[in-house]
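Dear colleague,

Please find the structure below, handed over for your records. I should be grateful if you would read the notes after it with the coordinates open.

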Amino acid sequence: MNKTIMLYTLILFTTTILVGEKPNSEYTKSLIKNLHNENPIERNHTAEKLVLQGDKILPELMKNFAKDNYLVRRVKAYVLGQIGTKTSLEHLLNVLQDKDKGVRNEAAYMLLNLSDKFSILERLQKIKTTFPQVRESIKDLTKSIVYKEVEKELIYYVSPDGSAGYFTGQFAKLQQKWKEKAILPLLEMFSNDKYEYVNNYVNSDRDVALQLRFLAGEGLADLKKVYTPTLRLHVKRSMDLMRRRALSQNRELDNYIKGLVNKILYNIGYTTSFDAELNQLKRKLFLNPQDYDVLFEIGMKYLQIGDTKNGIIYLNKAVAVRPYNGITYYNLSCAYSVAGKIDEAMAALEKSVDFNYRDLDWMLKDGDLRNVRKHPRFEKLVKKLEKLNAKK
């Protein structure tokens with residue numbers, strides 16, 4: 001064989017390994033046999049080669065699955081998940097019923113990853129089993145998928161600069177899809193400051209994690225229509241526990257978290273704390289009627305509970321005291337928009353941009369402004385803001 005032919009053969013052989021193509025099934029069989037290798041590194045390396053082969057290897061991969069030892073079954077579960085086709089999904093749902101917990105855990109992790117691609121919850125509900133351990137694995141996976149989906153709904157409302165906002169009815173989609181099932185994930189995200197996100201990348205981004213915690217609190221308040229009496233009591237006890245935990249550590253809750261706790265309780269029927277907070281602010285205002293911060297906070301408190309009439313009154317008072325604050329005008333615009341006063345909302349929104357409000361991403365996403373976005377002056381304002389942002 002001359003050098004040219006030898007070189008061509010070598011290139012062809014190397015390429016087939018890289019793209020996962022082999023001229024016969026003997027190579028696949030040898031790979032599957034090598035999954036029994038005692039060296040875990042070798043097993044893992046072999047698994048990656050099998051993944052490259054795609055789902056055409058599945059019949060051979062699963063042929064003796066029940067007879068394989070638990071270590072091999074775990075690796076095979078990984079291969080199934082990485083292949084990620086409808087056929088491999090069917091096998092994974094069967095593997096989820098394996099007698100070995102480690103195998104079930106690997107299958108569950110792979111199915112959790114595939115839940116972005118396939119409707120897995122419906123399939124889990126159809127699995128019938130008499131084994132308590134398998135039922136527990138299915139229950140845990142179901143919970144993880146629900147938590148993951150609720151987290152993703154919140155992640156959508158975090159803007160590229162890491163900030164987040166709230167608008168009336170923001171969680172309508174969450175409410176419609178998950179109903180009362182959304183309450184426990186939201187509660188855990190909000191009440192547990194050490195919550196580990198299923199969408200793992202959030203755990204390494206403290207700013208996004210904090211914004212998601214705030215949004216979870218807003219969601220707990222917003223979904224007031226889906227609460228059962230049992231859930232209402234459970235959330236009330238969790239809010240009380242947050243307060244007691246802070247007191248036991250000789251600290252107070254963060255002001256924003258504290259405000260959310262009172263808002264949540266108010267919206268599910270426990271109004272005492274919110275009313276007390278509002279009355280305290282009004283006492284401060286009585287002593288200093290020109291206190292911008294107190295006027296703004298009272299206005300926002302009213303908006304939190306859907307009282308746009310009083311919210312507009314106090315935000316206008318705040319504007320009168322400090323007429324050059326873009327944030328105040330922006331929130332006033334939202335209040336007018338929700339109240340159906342579109343011209344007033346548009347005028348306030350234009351003022352907000354005049355006084356340095358620059359978050360176009362949120363302005364286009366904010367549900368409180370859905371009525372304003374139909375106004376003919378809104379498109380002009382967007383173009384103006386795009387130009388201003390381009391100059392940064």
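The notes below deal with the nonpolar core and then with the salt bridges.

Please bear in mind that this is a predicted model.

Nonpolar core

The largest nonpolar core comprises 119 residues. Within this core, Leu124 and Phe190 have the most contacts. The element that gives the most to the core is helix α9, spanning residues 132-155, with nine residues.

The surroundings of Phe190 may be worth displaying. With its neighbours within four places in sequence left aside, Phe190 is in contact with Arg213, Ala216, Gly217 and Leu220, and also with Met239 and Met242. Ile257, Leu260, Val261 and Ile264 complete the list of residues in contact with Phe190.

Salt bridges

Side chains of opposite charge can pair when their charged atoms come close. Searching the whole structure gives 18 salt bridges. Three of these pairs, and one network, are described here.

Lys76 and Asp68 form a salt bridge in which the closest N and O atoms are 2.6 Å apart. Are these two residues buried or exposed? Lys76 has a relative accessibility of 2% and therefore counts as buried, the limit being under 20%. Asp68, at 8% relative accessible area, is buried because it also falls under 20%.

A second salt bridge joins the side chains of Asp354 and Lys384, with an N to O distance of 2.9 Å. Asp354 belongs to helix α19 (residues 342-354) and Lys384 to helix α21 (residues 376-390), so this pair ties together parts that lie 30 residues apart in sequence. Asp354 is partly exposed, at 43% relative accessibility, and Lys384 is likewise partly exposed, with a relative accessible area of 38%.

Helix α21 also holds a salt bridge of its own, since Lys383 and Glu379 both lie in this helix, and their side chains meet at 3.7 Å, N to O. The two residues are four apart, about one turn of the helix. Lys383 has a relative accessible area of 46% and is partly exposed. Glu379, by contrast, is exposed, at 53%; the boundary matters here, because exposed means over 50%.

Finally, there is a network of salt bridges that links five residues by name: Asp116, Lys148, Glu149, Lys152 and Lys177. Of these, Lys148, Glu149 and Lys152 fall within the residue range 132-155 of helix α9, the helix noted above for its part in the core.

Yours sincerely

Notes. Residues numbered from 1 in each chain as written. Predicted model: local features only at pLDDT ≥ 70, side-chain atom pairs only at ≥ 80, totals over all residues. Heavy atoms only, no water. Core = buried A, V, L, I, M, F, W, Y, C linked by side-chain atoms within 4.5 Å. Buried < 20%, exposed > 50% of the residue type's maximum accessible area, 1.4 Å probe, protein only. Contact = heavy atoms within 4.5 Å. Salt bridge = Lys/Arg side-chain N within 4 Å of Asp/Glu carboxyl O.
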